[in-house]
Amino acid sequence: ENVKTLREYGCKVGIKVTVTAFAQRITVWESEDVTGYGGTLWQQAIGLTHFLLDPSHSWQKTNILELGCGLGLVAIAAAKRGANVIASDRQLEALALAEENSTRNNTKMIVRAVDWVNTRHRQALLKEDIDLVLGAAVIYHIDMIKHLVETIKAALRPAERKINNSEEKKSGFVLNVSEAGAKNIGEKNNNAEGFQVTCPVALITVGNEKQRELMFRQVVIDSGLVLKEVEYEYYDEKSEDDIQHGPKPSKATRNRCRIFVITLG
């Protein structure tokens, strides 16, 4: 389904938020006119954005699919690092907002409607050549967990993936583990060098609600996928500029997010 412009959906931008990480700045606009959760910037998206902008990881020419992209911050971060990005969401208004934010940040990405409940949408993902699936704070309703995991599995499945042995093809990366970055949950040595992750892989943040995390973890394991977890620590420096009340001062705070690392095994 073709995505219209934000104006054609009768939506306007509102609060402007600038996220700074590793000397890079991304500015996105929220919209109160986008229904549901897609028009708001969530903290987990900021954490995943820091991870993508971390120069210790390279995403050049990586084929990335973001699920539940909302206003597009994570997808924009990936595009800024040279990835080929498909930003997906079930809400057309959210996709229009993501595209608007991408244009304002001079990045290019494809926006696509993907409803996790829609079997046709999931089957279409089997034809894509996805290296990395991303999702930031994507679970707000427990009954959607099963559909989300089925969608992740479809995106990761190699059955119809293109075979490409060129050096430019993303084959994997090392998920760095350090006191300043990601920590392997359960590892006694926080200074470990990290662990190798083989593509295709999904990096998902669920949110801070324990019940959702527990259920998501169990559904992933029951589906036959392989799951690891890391805590990613970052300093969140963002500034907000409300078009009605003016700018608010930037303040850096230390935060962390739990990243679920999912592979086919």
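Ring pairs join F51, W59, Y232 and Y234 into a cluster in this predicted model. A pair of aromatic rings is described by the distance of the centres and the angle of the planes. In total, the structure contains seven aromatic pairs. One of them, between F51 and W59, is tilted, with 6.1 Å from centre to centre and 45 degrees between the planes. The pair of F51 and Y232 is edge-to-face, with centres 5.5 Å apart and planes at 85 degrees. F51 belongs to helix α1 (residues 43-53) and Y232 to strand β11, so this pair ties together parts of the chain that are 181 residues apart in sequence.

These rings are shielded from the surroundings to the following extent. F51 has a relative accessibility of 1% and therefore counts as buried, the cut-off being under 20%. W59 is likewise buried, at 1%, and Y232 is buried with a relative accessible area of 2%.

A further contact of a ring involves a charge: the charged end of R104 sits over the ring of W29, 4.4 Å from the ring centre.

The charged side chains also meet one another, and the structure holds 10 salt bridges. Three of them are listed here, each with its N to O distance.

| Salt bridge | Distance, N to O |
|---|---|
| R122 and E150 | 3.6 Å |
| R258 and E213 | 3.4 Å |
| E229 and R217 | 2.6 Å |

Each of these bridges links distant parts of the chain. R122 lies in helix α4 (residues 119-125) and E150 in helix α5 (residues 145-156), 28 residues apart. R258 is part of strand β13 (residues 251-263), whereas its partner E213 is in helix α6 (residues 210-222), at a separation of 45 residues. E229 is found in strand β11 (residues 226-242) and R217 in helix α6, 12 residues apart.

Are the partners of these bridges buried or partly exposed? R122 is buried, with a relative accessible area of 15%, but E150 is partly exposed at 29%. In the second bridge, R258 counts as buried at 18%, and E213 counts as buried at 5%. Both E229 and R217 are buried as well.

Which residues are joined into one network by salt bridges that share partners? The network consists of E213, R217, E229, E231 and R258. Strand β11 thus appears in both parts of this report: Y232 of the ring cluster lies in that strand, and so does E229 of the salt-bridge network.

Terms used: Residues are numbered from 1 along each chain as its sequence is written. This is a predicted model: local features need pLDDT of at least 70, side-chain atom pairs count only at pLDDT 80 or more; totals for chains, interfaces and linings use all residues. Side-chain values use heavy atoms; hydrogens and water are left out. A salt bridge is a side-chain nitrogen of Lys or Arg within 4 Å of a carboxyl oxygen of Asp or Glu. Helices (H or I, at least four residues) and strands (E, at least two) are DSSP runs, numbered from the N terminus. Buried means under 20% relative accessible area, exposed over 50%, partly exposed in between (1.4 Å probe, protein chains only). Rings of Phe, Tyr and Trp (its six-membered ring) pair if their centres lie within 6.5 Å; planes under 30 degrees apart count as stacked, over 60 as edge-to-face and the rest as tilted. A charge sits over a ring if NZ of Lys or CZ of Arg is within 6 Å of the ring centre and within 35 degrees of the ring normal.
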